[in-house]
Amino acid sequence: MIILHYSTNLKSGGPAAQAADLAAALQAEGCENIVLSPPCELVSRLHLAGAKHISCRRPNIINFINEIRRLRNIIRSKRPQFVQVYTAEAAWIAGMACKRVPRRERPTIVGVLSSYPRLGLSLKGWQQCDVFTAISKHLRTILKEDSSPLKCTPWVIPYGADERLCYPGYTPTAGWLEQWQRNHPEAANKLTICVPGAISSLHGLDDLVPILTGLLRTGISAHVYLVGDSRRGNTAYVEELKRKFAQAYLSEHISWLGVRSDLRDILSICDVTLSLTKEPATWDRPVLEALSLGRPVVGYDHGIIGELLEAFLPEGRVAPNDTAAVIDTLTQWHTYRPSSLQEIPYPYKQSDMAKVYLKLYNELKQKS
């Protein structure tokens, strides 16, 4: 079986990396995988996995027709059974390219949705697909409730964690631990809480004021590590947040770490990870990785956070905006830690993701 993955936005971090991770995981299952994308830092990972990479340009008004012709030639020469697209642009080009391919040789176009498809040209691009997958149950629910004009109801196939990197029992290197303890002496004898994600109002960081205040009143000395990009948020919001922390005498209990390449290590050594997102999200890699590392997570029970907690740690779910319930859960866990996870539950490993896609491909082949 040959799968051609087409992504016009392949890059590290976020759902944009899924094409590379899925191609590598499917390659391990015995499929032949070709990734068509602009050059990026993930190409070496594809080569190591045995997958092939073909470079292309990001489509624009000038080269759009040429990219359609180029993809059509690749389809005719490589003869993939499936063209899997990860962006609306890729879906549009794949649809146009396949129209001139004889029907008996035409591959099935599989659209991978990680967020709700916007209206206009973006939606028209996705409508070129024959079948869809959704990254979470929440995304499929949104599509159903909003009467999405997509051709069919998506399969739910989560973007799993890389079990080679994130697994229960993982520990950072001794050198990393030594440096962390040297740089962060405030963590000693404290309840350490990691809050990963962009520093923005959508991530509910204002709720840290009542949560930290409540913990301190119960006699629990806690320290929060904010790991995320403040540049993605409103500068005025960041300054207002710092002012609120200062007014509540909490500044010394909060460290702003910014964007870190060692987030996995930080998640693994903190006592708890906290998710306070105000809106239901369709995807959250840091929370998935924290849970896959066997670390406790407390989060508002909606969207993908609710899904992940239901599968990994149901006692970590609290009603959205219920800061009192967050305080109560953290207080209980400070005394009696929840049981440690021994295995990442199905289907939240990348190998699981590959197996479910294989099941989808085989079903589609039987119907064709």
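**A guided reading of the predicted chain**

Of the 368 residues in the chain, 55% are buried. The model is a predicted one, and the account below moves from its overall form to its sheet, its helices, its nonpolar cores and a few individual residues.

The secondary structure consists of 14 helices and 13 strands. Along the principal axes, the C-alpha atoms occupy a box of roughly 70 × 40 × 35 Å. For a chain of 368 residues, a compact globule would be expected to have a radius of gyration near 21 Å, and the value of 22 Å found here agrees with that expectation. The contacts within the chain add to this description: among those with a separation of 6 or more, 68% join residues that are 24 or more positions apart. The chain also exposes about 17,100 Å² of surface, of which carbon and sulfur atoms supply 49%.

The sheet is a suitable place to begin a closer reading. Strands of a sheet pair through backbone hydrogen bonds, and this pairing may be either parallel or antiparallel. In this model, 7 strands form an open sheet with parallel pairing, and their order is β3-β2-β1-β4-β5-β6-β7. Because β3 (52–55) and β7 (155–156) stand at the edges with a single partner strand each, one side of each has no neighbour in the sheet.

One pair within the sheet may be followed residue by residue. Strand β1, residues 2–6, runs parallel to strand β2, residues 32–37, and the two are joined over 5 bridges. Ile2 has Glu32 of β2 as its bridge partner, and Ile3 is matched with Asn33 of β2. Strand β2 is largely enclosed by the rest of the structure, since 5 of its 6 residues are buried.

Helices lie across this sheet. Helix α1, residues 18–28, lies across β1, β2, β4 (82–85) and β5 (108–113), and its direction makes an angle of about 165° with β2. Helix α4, residues 88–98, lies across β1, β4 and β5, at about 155° to β4. How many of the residues of α4 are buried? The helix is mostly covered, with 8 of its 11 residues buried. These are Ala88, Ala90, Ala91, Ile93, Ala94, Gly95, Ala97 and Cys98. An α-helix has 3.6 residues a turn, so residues three or four places apart point the same way.

Attention now turns to the interior. In soluble globular proteins, nonpolar side chains tend to be buried together. The largest nonpolar core of this chain has 63 residues, and Leu71, Val85, Trp126 and Tyr357 have the most contacts inside it. Helix α14, residues 350–367, contributes the largest share of this core, namely 8 residues. Tyr357 shows how separate parts of the sequence come together: leaving out residues up to four places away in sequence, Tyr357 touches Gln18, Leu22, Leu26, Gln84, Val112, Thr133 and Ile157. Another core, of 58 residues, lies apart from the largest one and includes Trp176, Leu208, Leu274 and Leu308.

Some individual residues deserve separate notice. Asp21 belongs to helix α1. Is Asp21 buried or exposed? Its relative accessible area is 8%, and Asp21 is therefore buried, the cut-off for a buried residue being under 20%. Beyond its neighbours within four places in sequence, Asp21 is in contact with Arg45, Tyr159, Gln350 and Met353.

The backbone also has features to examine in the loops. In the loop between α13 (323–335) and α14 stands Pro347. The peptide bond leading from Tyr346 to Pro347 is cis, with omega near 5°. Arg79, although not a glycine, has a positive phi of about 55°. Arg79 is placed in the loop between α3 (64–78) and β4, and its relative accessibility of 48% means that Arg79 counts as partly exposed. Asn189 is likewise not a glycine and has a positive phi, of about 60°. The loop that holds Asn189 lies between α7 (174–183) and β8 (191–196). With a relative accessible area of 81%, Asn189 is exposed.

Notes: Residues numbered from 1 in each chain as written. Predicted model: local features only at pLDDT ≥ 70, side-chain atom pairs only at ≥ 80, totals over all residues. Heavy atoms only, no water. Pairing = 2+ DSSP bridges. Helix = DSSP H or I, 4+ residues; strand = E, 2+ residues; numbered from the N terminus. Contact = heavy atoms within 4.5 Å. Axes fitted to C-alpha atoms, helices over the stretch in contact; angles between N-to-C directions. Buried < 20%, exposed > 50% of the residue type's maximum accessible area, 1.4 Å probe, protein only. Core = buried A, V, L, I, M, F, W, Y, C linked by side-chain atoms within 4.5 Å. Rg over C-alpha atoms; globule rule 2.2 N^0.38 Å. Areas by Shrake-Rupley, 256 points an atom, 1.4 Å probe, with all protein chains shown as cover.
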